[in-house]
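User: Please take a close look at the ligand site in this model. I would like to know what surrounds the ligand and which polar atoms approach it.

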Amino acid sequence: MRKRIALIGGGNIGGVLAELAAYRELGDVVIFDVVEGLPQGKALDMAEGAPLVGTDARIEGANDYKDIAGADVVIITAGLARKPGMSRDDLLNTNLEIMKSVAAGVRDNAPDAFVIVVSNPLDAMVYTFKEISGFPKNRVVGMAGILDATRFRAFVAWELGISVKDVTALVLGGHGDTMVPLVRYCTVAGVPITQLLSQETIDAIVKRTKGAGGEVVGLLKTGSAFVSPAVSAMEMAEAYLRDKKRVFACACLCEGEFGVDGLYVGVPCVMGAGGVERILEVALNEEEQSSFDASVEHVRTLVGQIQL
Ligand code: TXD
């Protein structure tokens with residue numbers, strides 16, 4: 001019996017998610033969107049390509065929440081994306097109203113699902129979903145740090161002319177300009193990058209990582225990054241579906257960890273069949289702690305604007 005993966009939002013990221021999930025045969029896929037025909041058209045197109053890819057996963061489109069019933073995993077990308085000149089926080093008011101309706105729909109139709117929130121502003125949207133759905137904290141997580149760390153890894157690999165597979169990285173805190181790439185914990189096959197790159201180059205990579213989302217928005221002009229976010233969210237979904245005990249930074253509900261209580265913020269966690277199985281509290285030096293605390297305060301201020 002294949003698992004069932006519901007994608008709430010069938011836009012740029014939702015479409016790539018559907019293709020990844022179905023073509024990797026992670027489960028049967030249902031794409032939900034409010035636009036009539038959009039999820040159905042994308043699903044039909046992908047399903048018609050299945051014979052060449054060799055997947056027997058079912059791919060369906062829906063405009064009614066009853067069609068997500070029984071979903072094991074729900075990935076939420078419903079909401080507006082940035083345009084040039086916008087910050088992620090600028091999306092709060094519009095996407096908050098969307099998330100309220102999405103959270104109710106998922107709560108009422110897929111009450112046992114593991115939920116990955118992608119919509120921006122991420123830390124506020126995942127908090128909103130948790131509050132409205134009432135799902136346990138291990139089954140509600142935000143996709144952010146894994147993407148930011150992946151970008152950091154790519155930039156380091158390109159600079160050194162090495163395989164992207166041999167770079168590891170952690171990016172904590174809020175998903176925005178205050179994110180905290182942990183340079184001290186970034187390695188190339190276990191070798192700290194501080195032994196391989198100058199401080200000037202490292203500083204430039206940190207700066208590019210923080211602005212990476214905006215860099216793509218500025219180039220695309222009509223929307224934001226969608227393939228790397230989709231790949232990142234699918235990595236999380238696969239860790240859950242296949243009980244892989246993966247470790248990456250995600251927006252998790254902290255209840256005392258890292259000195260944070262009652263907020264979703266990017267921290268390292270173990271992800272497996274239990275969802276967010278535990279948060280790994282890594283040691284931060286004074287500078288890292290200060291940057292992390294500042295990022296948490298930014299998230300707290302943003303969440304403080306939410307009227308549920
Ligand atoms: O790292 C991260 N978390 C971010 C997240 C990385 C990149 C993009 N990030 C955010 O994801 C972005 O700022 C947006 O808030 C979401 C989705 O981005 P995407 O690029 O997929 O946006 P699209 O292409 O506009 O798709 C959004 C879809 C679109 O088809 C709408 O019709 C649909 O959402 N939508 C809804 N679906 C369900 N229910 C409701 N109410 C709804 N409203 C809009």
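Analyst: What follows describes the ligand site and then a few parts of the chain beyond it.

The model is predicted. In it, the ligand occupies the largest pocket. Two elements each give two or more residues to the shell around the ligand, namely helix H1, residues 12-23, and helix H3, residues 92-109. Of these, H3 supplies the largest share of the shell, with four residues. In total, 30 residues surround the ligand. The closest of them are Asn 12, Asp 33, Leu 80, Val 118 and Met 143.

Oxygen atoms of the ligand are approached by both backbone and side-chain atoms of the protein. At Asn 12, a backbone N or O atom lies 2.8 Å from a ligand oxygen atom. Gly 79 also places a backbone N or O atom by an oxygen atom of the ligand, at 3.4 Å. Asn 120 takes part through its side chain, where a polar atom is 3.2 Å from a ligand oxygen atom. As for cover, the ligand taken alone exposes 870 Å², and 88% of that is buried by the protein.

Helix H1 also holds Gly 15. Gly 15 counts as buried because its relative accessibility is 8%, below the 20% cut-off. The C-alpha atoms of Gly 15 and Met 46 are 9.3 Å apart, while the two residues are separated by 31 residues in sequence.

Elsewhere in the chain, strand S2 covers residues 28-32 and includes Asp 28. With a relative accessible area of 14%, Asp 28 is buried too. The side chain of Asp 28 has a polar partner: it makes a contact of 2.6 Å with the side chain of Arg 2.

Helix H5 runs over residues 145-160, which gives it 16 residues. From its first C-alpha to its last, H5 reaches 22 Å, close to the 22 Å expected at 1.5 Å a residue. Its buried residues begin with Gly 145, Ile 146, Leu 147, Asp 148 and Ala 149. Further along H5, Arg 151, Phe 152, Ala 154, Phe 155, Val 156 and Ala 157 are buried as well. The list thus includes the charged residues Asp 148 and Arg 151 alongside Phe 152 and Phe 155. Just after the helix, Gly 161 takes a positive phi of about 65°.

Terms used:
Residues numbered from 1 in each chain as written. Predicted model: local features only at pLDDT ≥ 70, side-chain atom pairs only at ≥ 80, totals over all residues. Heavy atoms only, no water. Expected span 1.5 Å × (residues − 1). Buried < 20%, exposed > 50% of the residue type's maximum accessible area, 1.4 Å probe, protein only. Near = heavy atom within 4 Å. Polar contact = N/O pair within 3.5 Å; in protein donor to acceptor, adjacent residues only side chain to side chain. Areas by Shrake-Rupley, 256 points an atom, 1.4 Å probe, with all protein chains shown as cover. 1 Å grid on protein atoms, 1.4 Å probe; cavity = no way out; pocket = protein on both sides within 12 Å on 5 of 7 lines; lining within 4 Å. Sits in = over half its atoms within 2 Å of the grid points.
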